[in-house]
Amino acid sequence: MSRYAVDPLTALQAKEQAQKLAFAPIAFQAAQSLRELGILAVLDAAGPTGLSAQQIAERSGVSEYGAKVLLDMGLSALLVTQDGDNYVLARLGHFLLHDAMTRVNMDFTADVCYRAMSHLTETIRSGRPEGLREFGDWPTIYEGLSRLPEKARKSWFDFDHFYSDKAFPELLQRIFAERPKTIVDIGGNTGKWSLQCCAHDEDVHMTIVDLPRQLALALDNAREHGFEARIHGHPMNILDDSQPLPAEADIWWMSQFLDCFSPMEILRILRRIRAAMRPDASVYILELFWDRQHFEAAAYSLNATSLYFTCLANGNSRFYHSKDMLDIVEEAGFVVAEQVDDIGLGHTLLRLRAG
């Protein structure tokens, strides 16, 4: 039975959770301030005996008033505990301070998503990414990635790379078991996957397909790493049918790419690849499916990030349920030759063959 089939809360628990949800944005900002002002680090250094509010204020350079209001919210948010007059870092506060995944997720939420989410209702009504106006006048965020403010751009790429990079070692072994000579990397972003492939195999040639601005960044990275002779660019908008795909490839690769499109757009993309590929070629899709996660926190994070796609990215994409993606794959004329879950931090790898 699905873990979502039964309401897990009593009426009293539900009412209590409702109040926490009502103030959740404030709790989030308090947690950010506790971290950014150095208060959590001060408590971490103090160890299990903790410190008084006055001591914390002195060591963090924050007023005692500021330290105390944040710490008291930290008590309610379970970030700290209190022993007499002393505040002590709790386990949740420790992970907020030290856990890389938590840091990446919080920075992405704070620097990219937070203000934009105030436009979510409007976005749902219009079908357009209304939150994107917080950054610029672009139809989707992808046209504006290179022009985001520095802090937001760094948090976006840190978030994007954190999850995909963890999967690289296993993926390289699986992909190069086929001994490909040519790989088309669709939606290659900054070129990290193509760089990894060239470092792994000295004979492989990569072609990155992406929007011109993003492709320029990827090719700069290729030159910087000495792979300009083996990493080639193919500038195009994948949704523009007048622009042809590359002609040849042993492998067609898409990593966290199809989640950037609506179901009908995914179908169009896959059909285009199906028409362009050789009969003996393989298509690999690396995606995060919220229903294929072992931990509730992972599914929660993916469903929350889907609302980033809604409000900021393009207004019509998301992290999909695996069945939805597999149905599209079949409709596009492919068969799934292999499906591997639990790669990296919850990725699923699909290997497709032409049906």
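## A walk through the model, starting at Ser155

Select Ser155: this residue is buried, with a relative accessible area of 6%. The model you have open is a predicted one. Ser155 counts as buried because 6% falls under the 20% cut-off. Colour residues 150-175 and you have helix α9, where Ser155 sits.

What does Ser155 touch, leaving aside its neighbours within four places in sequence? Show Asp107, Phe108, Asp111 and Val112, and you have its contacts.

**Next stop: α7 and α2**

Now select residues 100-113, which form helix α7, along with residues 24-36, which form helix α2. Turn the view until you can follow both axes: they come within 11 Å and cross at roughly 120 degrees. The crossing is left-handed.

Show the side chains where these helices meet. On the α2 side, pick Phe28, Ala31, Gln32 and Arg35; on the α7 side, pick Arg103, Met106, Asp107, Thr109 and Ala110. Sorted by class, this contact holds 4 nonpolar, 2 polar and 3 charged residues. You've met Asp107 already, as one of the contacts of Ser155.

**A short hop to α3**

Move on to residues 39-46, helix α3, and highlight the buried ones: Ile39, Leu40, Val42, Leu43 and Ala46. Look down the axis of α3 and these buried residues fall within an arc of 160 degrees, so they line one face of the helix. Here's a handy rule for that view: an α-helix has 3.6 residues a turn, so residues three or four places apart point the same way.

Just after α3, click on Gly47, which takes a positive phi of about 75 degrees.

**Into the cores**

Which residues have the most contacts inside the largest nonpolar core? Select Ile141, Trp252, Met254, Leu270 and Tyr308 to see them; the core as a whole has 57 residues.

Stay on Tyr308 for a moment. Not counting residues up to four places away in sequence, Tyr308 touches Phe108, Val112, Cys113, Met117, Ile141, Tyr142, Trp156 and Ala313. Phe108 and Val112 may ring a bell: both are also in contact with Ser155.

There is a second, separate core of 26 residues too. To find it, select Cys197, Met206, Ala222 and Ile231, which are among its members.

**Zoom out**

Finally, show the whole protein as a cartoon, with its 14 helices and 10 strands. The C-alpha trace spans about 70 × 50 × 40 Å along its principal axes. Of the 355 residues, 48% count as buried. Among contacts with a separation of 6 or more, 66% come from residues 24 or more positions apart.

Notes: Residues are numbered from 1 along each chain as its sequence is written. This is a predicted model: local features need pLDDT of at least 70, side-chain atom pairs count only at pLDDT 80 or more; totals for chains, interfaces and linings use all residues. Side-chain values use heavy atoms; hydrogens and water are left out. Axes are lines fitted to C-alpha atoms, for helices over the stretch in contact, and angles run from 0 to 180 degrees between N-to-C directions. Helices (H or I, at least four residues) and strands (E, at least two) are DSSP runs, numbered from the N terminus. A crossing is left-handed if the near helix is turned anticlockwise from the far one by less than a right angle, and right-handed if clockwise. Contact means heavy atoms within 4.5 Å. Ala, Val, Leu, Ile, Met, Phe, Trp, Tyr, Cys and Pro count as nonpolar, Asp, Glu, Lys and Arg as charged, and the others, Gly among them, as polar. Buried means under 20% relative accessible area, exposed over 50%, partly exposed in between (1.4 Å probe, protein chains only). The arc is that of the directions from the helix axis to the C-beta atoms. A nonpolar core is a set of buried Ala, Val, Leu, Ile, Met, Phe, Trp, Tyr and Cys residues joined through side-chain atoms within 4.5 Å.
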